[in-house]
Amino acid sequence: MVFLFILNLSFNTAYQNQNKNYLQNFFSELIDRYDANPTTFEYDNQTLYNDYFIIEDGVRTKYTRYNISEEDFNIVVNQIISEYFEQINERNFINVPYTISGKIAYMGRVIKPIGKPRYAVFVVSNSDEFIENMTGNIPFYATISFLNILVLGNIIIWLWSSSTVNKLKDLQDAVNKMIEDDYQTEVKIEDAAEEISSLSYTINKMRIEIKNNEDTKKEMIQNLGHDLKTPIAVIRSYAEAIQDGIEDVTSTDLIIKQADILNNKVKQIIEYSKIGYIENDRNFEDVSFKEVVTQVVNHYKYITDRQFILDIETDWIHLMDKEGCYIAVSNIVDNAVRYAKTKIVIQLSTKKLTIFNDGEAIETNVLPKIFKAYEKGSKGQFGLGLAIVKETMDRFGLRVSVANHANGVLFTIEL
């Protein structure tokens with residue numbers, strides 16, 4: 001409605017200005033003729049929209065009325081006589097600007113020559129008829145076109161919104177079905193808008209992650225039960241054998257060894273579960289990798305015959321938890337000690353730590369999953385050591401990787 005109002009107002013204003021120019025030209029021609037010879041003035045040049053009248057000493061003397069109704073014409077004439085002739089007015093020259101009164105427009109001039117009666121020359125125009133003829137049916141057609149565009153636009157919006165709502169319902173149904181069947185159903189919406197397709201892809205990606213996490217948890221629980229069951233069974237059987245007199249007291253050495261295995265297992269489980277509660281940048285401090293590596297090597301160098309070759313003159317300071325860093329590096333070195341044949345080489349630069357052992361290569365099927373919990377190589381123990389390394393380094397904003405080389409295996413920690 002506002003648009004149509006502005007449209008019609010714009011047309012009216014434009015053609016009203018045009019009518020004003022036409023009436024101004026008509027007035028200029030008329031007054032030039034009258035001023036040239038007022039006594040014999042005659043002007044009967046009929047125009048399409050304009051008329052004129054002349055008032056001499058308060059009386060209408062000459063006029064045309066081809067385009068203006070008698071009622072409208074007399075209203076303007078009487079208004080001019082009343083305002084400029086019947087009332088006392090000392091001004092000798094008055095220009096009346098373009099004025100709109102109802103359906104007509106008028107303009108003119110009132111003059112009081114020295115020693116002569118006052119007279120006035122005015123022109124009038126049927127402005128409504130002029131504007132109506134000029135605009136024709138343009139406002140009507142513009143209104144119809146606008147309404148058609150409005151209806152068509154609403155139909156398009158309705159079709160689009162209906163399609164979008166239907167696709168969102170399909171997505172909702174797919175998500176509900178995914179939840180019901182334990183994340184087995186793939187979430188995929190075909191022939192949808194890019195945003196909905198992207199959302200369905202993201203939800204499906206989340207579904208896969210949740211399913212993988214659930215599978216990993218189930219696998220971890222099964223492996224955990226198996227790993228704890230074995231040493232407990234051994235301890236129980238030997239304890240019962242001693243109690244029954246089948247085994248002597250020396251068998252307690254085996255019980256202690258199994259208890260140590262069980263203790264180490266529980267410690268690693270606690271450490272692995274504790275990582276998830278470490279908040280990034282909380283209680284972190286600048287930790288020296290050089291200091292951590294030195295402590296780890298000092299711990300191992302007297303309990304193994306493997307040779308440690310160190311290149312750690314350059315230090316690397318990083319924001320992290322010192323205890324967590326020590327456990328992670330210790331787990332890698334512990335792994336290297338188990339697999340190395342003769343030596344372990346540790347090199348440190350400003351942004352990288354590498355730990356190399358000259359042991360046998362990691363199995364091809366194990367290598368991609370080496371940092372996954374309960375993934376063990378041929379000489380692996382619990383399958384949690386390297387998983388702890390990966391989780392810890394992720395918390396510190398670092399990346400850990402492993403690669404087979406021709407003469408050994410290389411672990412790398414870097415930004």
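How exposed is E291, going by its relative accessible area? E291 is partly exposed, with a relative accessible area of 38%. Keep in mind as you look around that this is a predicted model.

**Pairs of opposite charge**

E291 has a partner. Its side chain meets that of K322 in a salt bridge, at 2.6 Å from N to O. E291 sits in helix α7 (residues 289-300) and K322 in helix α8, so this pair ties together parts that are 31 residues apart in sequence. K322 is partly exposed too, with a relative accessible area of 29%. The general idea is simple: side chains of opposite charge can pair when their charged atoms come close.

The count of salt bridges comes to 6. Here are three of them, including the one you just met:

| Salt bridge | N to O distance |
|---|---|
| E29 and R33 | 3.9 Å |
| E291 and K322 | 2.6 Å |
| D394 and K390 | 2.7 Å |

Now for the other two rows. E29 and R33 are 4 residues apart in helix α1 (residues 2-36), so about one helical turn separates them. D394 and K390 are also 4 residues apart, this time in helix α9 (residues 385-395), and again that is about one helical turn. Why does that spacing suit a pair? An α-helix has 3.6 residues a turn, so residues three or four places apart point the same way.

How covered are these four residues? E29 is partly exposed at 35% relative accessible area, and R33 is partly exposed at 44%. D394 comes in at 39%, which counts as partly exposed, and K390 is partly exposed at 29%.

**A closer look at helix α8**

Helix α8 covers residues 322-339, which makes 18 residues. At 1.5 Å a residue it should span 26 Å, and its end C-alpha atoms are indeed 26 Å apart, so the two values agree. Of those 18 residues, 13 are buried, so α8 is largely enclosed by the rest of the structure.

**Inside and outside**

For a residue tucked away, try T412 in strand β12 (residues 408-414). T412 is buried, because its relative accessible area is 9% and buried means under 20%. Setting aside neighbours within four places in sequence, T412 is in contact with K352, L353, T354, R399, V400 and S401.

For the opposite case, find W158 in helix α4 (residues 138-180). W158 counts as exposed, at 54% relative accessibility. Together with V151, I155 and L159, W158 forms a nonpolar patch on the surface, and the four share about 420 Å² of accessible area.

Methods: Residues numbered from 1 in each chain as written. Predicted model: local features only at pLDDT ≥ 70, side-chain atom pairs only at ≥ 80, totals over all residues. Heavy atoms only, no water. Patch = residues over 30% accessible without salt bridge, like charges linked within 9 Å, V, L, I, M, F, W, Y side chains within 5 Å. Areas by Shrake-Rupley, 256 points an atom, 1.4 Å probe, with all protein chains shown as cover. Helix = DSSP H or I, 4+ residues; strand = E, 2+ residues; numbered from the N terminus. Buried < 20%, exposed > 50% of the residue type's maximum accessible area, 1.4 Å probe, protein only. Expected span 1.5 Å × (residues − 1). Contact = heavy atoms within 4.5 Å.
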